[in-house]
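Me: I'm new to this one, so could you pick a part and walk me through it closely? I'd like to know what sits where, and what is buried or exposed.

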Amino acid sequence: MGPLRIGIAGLGHVGCGLIELVQRQERLRLPGRVEIVGVSARSQNRARPVNIDAYAWYDDAATLAEDSRVDVFVELMGGSDGPAKFAVESALRAGKHVVTANKALIAKHGNALAALAAEKQVDLLFEAAVAGGIPVVRVLRDSLAGTEVTRVSGILNGTCNFITSTMLETGRSYEDVLEEAQKRGFAEADPTLDVSGMDAAHKAAILSAIAFSADLDFSKVSVRGIEEIGLLDLRLADRLGFRIKLIAEGVLTPAGVVCRVEPMALTNGHALARIDGSLNSVRVEGDPLGAVVLTGPGAGSGPTASAVMGDVAKLFRPAIRNAFGRAEHHLAQPFVTGGQEEVSPFFLRVRLTDKPGTLAALTEALAEEGVSVDKLLQDSADETGASPVAVVTHRCPRAQILSAISRIEALGVTVEAPRLIRIETAS
């Protein structure tokens, strides 16, 4: 078997990690030899942890993508549009296999790129785009092809998971822990994509498209991040037997696929409740499988470069199949937005004004909207004079508790907007 010749665009942490793997490939279990034809990045002279002097330099990634010597174009630049999209399209049109770690690109343009790859009879692979070193894309697309998946969910952003678990463990503020995450390389200098939930949403959309043979439509994905989750929320939930985590999920409903990212309160026995630090974890449920959980490092140069190399290795014997694993005979599900008819128990946290009758007003408002209280925890008034209260409801429609919250706010008994978090019980 002759060497597989690759071109690498993007020489950040993952790109350099991939080069390091190529340079020590004798210790890996690859089907054949990998050779680097050329590399491309924004700056040729930037200091890097690997030596790139032996590789041809390309100022333009698209030129590298079209080079006749390249068998596989590896895109590690990032960004849903611009140079990354143009270079990937150029590679596919030139009949090159493409490997990418670019979740934003796949979430936004995956359908069009998959169609182009199919037209040119080449592979588009993106294992590294979701959950870093966890091989969940391949597991969903290939290993679980005999499973009718009903739900895929998980912790898909290590930054958010590190922040919430460290806050609860140490009692430190969101801002303080975020600063630590940035210093340790778990969070970017601008952490917006992570803490807003958008990073996890890109990954959830990709997994949902694969799991349900769905027609990926990122505009239908609902996203809430962790910016408003405070130490008070985490501590009250913990005292009631819950862990608050940012959960990404895709669920098959009669109307189609509901894909969303939001903080959820997980019972302590839940498979994802004790996934702490920067780890990622994905839970796949279906028939006749039941459920399987995959856990591991979800980011970082090593795990992500390893996933990229795994895709490269697969191209020694290309399968040439739809990037999302969908065949023409599959029933393509639409992405749909979730409605307020969803039924679930909920965790409600409020801060009541320090006046007589406010707690009674709270419970009365819930009762008038048909929301039944399962547990209630009230703390003493804090330094501002407000009394924190946490309520766990029995199962009820989301619309019902939202109506109750509107009623509570209208009474003027709270000092800030109530916090509502869906509860997921152990399963």
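Reply: Sure! One cut-off first: a residue counts as buried when its relative accessible area is under 20%, as exposed when that area is over 50%, and as partly exposed in between. Keep in mind that this is a predicted model.

Let's warm up with Ala 131, in the loop between strand E6 (124–125) and helix H5 (136–143). Its relative accessibility is just 1%, so Ala 131 counts as buried. Its phi is near 65°, a positive value in a residue other than glycine.

Now for the close look: Glu 342. This residue lies in the loop between E14 and strand E15 (343–344), and at 13% relative accessibility it falls under the cut-off too, so it's buried. Glu 342 has a salt bridge with Arg 260, at 3.1 Å from N to O. Arg 260 belongs to strand E11 (residues 256–267), so this pair ties together parts that are 82 residues apart in sequence. Arg 260 is buried as well, with a relative accessible area of 13%.

Glu 342 also forms a salt bridge with Arg 422, where the closest N and O atoms are 2.9 Å apart. That pair links distant parts of the chain again, since Arg 422 is in strand E20 (residues 419–424), 80 residues away. With a relative accessible area of 8%, Arg 422 is buried.

Step back a little, and Glu 342, Arg 260 and Arg 422 turn out to be members of a network of salt bridges, whose other members include Arg 224, Glu 262 and Glu 424. Across the model, the count comes to 41 salt bridges.

Note on methods
Residues numbered from 1 in each chain as written. Predicted model: local features only at pLDDT ≥ 70, side-chain atom pairs only at ≥ 80, totals over all residues. Heavy atoms only, no water. Helix = DSSP H or I, 4+ residues; strand = E, 2+ residues; numbered from the N terminus. Buried < 20%, exposed > 50% of the residue type's maximum accessible area, 1.4 Å probe, protein only. Salt bridge = Lys/Arg side-chain N within 4 Å of Asp/Glu carboxyl O.
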